[in-house]
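Visitor: I am new to this structure and would like to be led through it slowly. Could you show it to me before I begin to ask?

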Amino acid sequence: MRPGAPVRSLVLWFPDWPVTALARERAQPLDAGPAIAVMEHNTVVACSAAARAEGVRRGQRRRDAQALCPGLAVVAADPMRDQREFAPLVAVVEERAPGVQILRPGMCALRIRGPARYYGGEVEAARVLLTALRKGGGEGASGVEGVRAGIADGPFTAEQAARIGTGVSDPVFVVPNGGAAGFLAPLSVATLIDASAAVGSGAELVDLLARLGVRTLGQFAEMDPDRVRERFGDRGVRLHSLAAGQDSREVEPRVPPPELHREVAFEPALEMAEQVAFGIRIAADEFVARLGAAGLVCTELRVELRGDRGERSERVWLHPGSFDAASVVDRVRWQLSEAAKEPEGKSVLSSGVSLVRIAPEAVDEASHHVAAIFGSGPEERLHHALSRVQAMLGHRGVLTPAIGGGRWLAERQVLVPWGDRAVLAKERSRPWPGSLPDPLPGTVFPDPVPVQVASPGGVPVDIDDRGRVTAPPAMFLEGGRRMAIDAWAGPWPILERGWDAARARRAHRVQIIDAEGMAWLLVCEDGAWVAEARYD
């Protein structure tokens, strides 16, 4: 084979993969599912067969898709979900044909020469892989239907063969050796959009070709390469080679990641949390040992619980340092306790636990978590003490305060379980009309303290419908103490949920300074005054 010549490649394509990944995550059959559309930036990126039957297509705007299918279920795109559900399928392919390159979630490529020799031909090798994918897509997962295979000179031509040249009766399409140019010639230049994004030029180059009257790949391939270089540069030359069937890209096999997850199946299913925790101990030790052998530690742990009737509970747990075997067992126990009841009182796991799966969601180098010789003694002892107390009392047995978002000072104090990272930056950055600006009071009363505010003549002060005080505040009574008001400012309105009559709230804040020089933050609501905080 001459240098730079296209290499025979096999591309496996999973149509509408974001929808398939969603169905696999929910453990639902795809054919019997509702009309689903996966959206990104209010644009359809994938849709189910039921949605397609109603006229929904990829690239439609959200409002157009919903107009065609009023019962359309809209799901946000999740690249992490797509990758997570695709990984077991890639492992199935690698078991039978190593050297797989993931082009994107839902599409992978490999050199066909080796598998063809082993299985007796290119088509035979493709059918072996398709059969394996239909029978089962990894441990505990069902198979996938509708996978298409394309074989051609180079990954780009093989991808087009998988997309265009396949049918239900024969999911394998082979472009003969040397026939890539003829196969690609009648295709639209729009097929270069994904390839152009891969080389960094974007779809604008394809749009420019269409404006110049170049509609097909064959017309683009007939252009002089020198003229293409002058007009479009090196990126245009790369696309010109693809259009001519001269894809010299090498399939870059991925290095399979080490199998770090562990699964424990219980037969019969276990009903008690302590039984499940005891049964997962050996798997937790092996999980931590595998990470240690790879020089890694787990900082975020994904725990998946499956019930005997198909129920599923999944959660990612955080740790202030790194997980050891005991902390892994604790997280499984805590998740069982929290999965017993939802906030609405509905049981998440209504049957016994049949499977527990633990997997690292995030790892770090073990060298970053070695105890320092100097300076980490008190912090390390504090961590161990709090972790032991939490192990005895449960996940929410040890709480740490954090600042969140909100209009009221008391609701901005959020209690976070020890070990969890408080992801509250987004809440704090939201616009909160009526919230108190800096500087904030030093003392916030958990329960507002009732007070009375009066005018110089002793008449109670109120705030009218226009947001103005009925009389200048001159004195206020707090805890039996009567104090004069030297200065005051406000009122400032706080309006919440005006659209909901049952939960609507209307109040006003007033700042005062008493005769002793102490500053107070008062709130008047429905004619009643309370002290929300004090400026110490």
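What follows is a conversation that goes from the chain as a whole to its sheets, its core and a few single residues.

Guide: This is a predicted model, in which local features need pLDDT of at least 70 and side-chain atom pairs count only at pLDDT 80 or more, while totals for chains, interfaces and linings use all residues. Residues are numbered from 1 along each chain as its sequence is written, and side-chain values use heavy atoms, with hydrogens and water left out.

Visitor: How many helices and strands does the chain have?
Guide: Helices (H or I, at least four residues) and strands (E, at least two) are taken as DSSP runs and numbered from the N terminus. Counted in that way, the chain has 17 helices and 20 strands.

Visitor: What share of the residues of the chain count as buried?
Guide: A residue is called buried under 20% relative accessible area, exposed over 50% and partly exposed in between, with a 1.4 Å probe and protein chains only. The accessible surface of the chain, from the Shrake-Rupley method with a 1.4 Å probe where, for residues, only the protein chains shown count as cover, comes to about 28,700 Å², and 54% of that belongs to carbon and sulfur atoms. Of the 536 residues, the share that counts as buried is 42%.

Visitor: In what order do the strands of the five-stranded open sheet lie?
Guide: Two strands pair if DSSP finds at least two bridges between them. The edge strands here are strand 5 (101-104) and strand 8 (172-174), each of which pairs on one side only. With mixed pairing, the five strands of this open sheet have the order 5-6-1-7-8.

Visitor: Is strand 1 of that sheet enclosed or open to the outside?
Guide: On one side of strand 1, Arg8, Leu10 and Leu12 are buried, and on the other side Ser9, Val11 and Trp13 are buried as well, which leaves both faces covered. Because six of the six residues of strand 1 are buried, this strand is largely enclosed.

Visitor: Which residue of strand 7 is the bridge partner of Leu10?
Guide: Strand 1 runs antiparallel to strand 6, with five bridges, and antiparallel to strand 7, with six bridges. In strand 6, Leu10 has Leu110 as its bridge partner, and in strand 7 the partner of Leu10 is Ile151.

Visitor: At about what angle does helix 7 run to strand 7?
Guide: Axes are lines fitted to C-alpha atoms, for helices over the stretch in contact (heavy atoms within 4.5 Å), and angles run from 0 to 180 degrees between N-to-C directions. Helix 7 (residues 155-164) lies across strands 1, 5, 6, 7 and 8, and to strand 7 it runs at about 145°.

Visitor: Which helix gives the most to the largest nonpolar core?
Guide: A nonpolar core is a set of buried Ala, Val, Leu, Ile, Met, Phe, Trp, Tyr and Cys residues joined through side-chain atoms within 4.5 Å. The largest one has 28 residues, and Leu192, Leu217 and Phe220 touch the most other members. Several elements supply at least two residues each, among them strand 1, strand 6 and helix 7. The one that gives the most, with six residues, is helix 12.

Visitor: How far apart in space are Phe14 and Gly106, C-alpha to C-alpha?
Guide: Phe14 lies in the loop between strand 1 and helix 1, and its relative accessible area of 5% makes it buried. Leaving out residues up to four places away in sequence, Phe14 touches seven side-by-side listed residues, including Phe86, Gly106 and Val147. Phe14 and Gly106 are 92 residues apart in sequence, yet their distance in space is 5.0 Å.

Visitor: Which strands stand at the edges of the three-stranded open sheet?
Guide: This sheet has the order 3-2-4 with mixed pairing, and strand 2 (residues 36-40) runs parallel to strand 4 over four bridges. Each edge strand has a single partner strand, so one side of each is left without a neighbour in the sheet, and these strands are strand 3 (43-47) and strand 4 (73-76).

Visitor: How many disulfides does the count come to?
Guide: A disulfide is taken here as a pair of cysteine sulfur atoms within 2.5 Å. Cys298 is buried at 1% relative accessibility, and Cys524 is buried at 4%. By the distance rule, the number of disulfides is zero.
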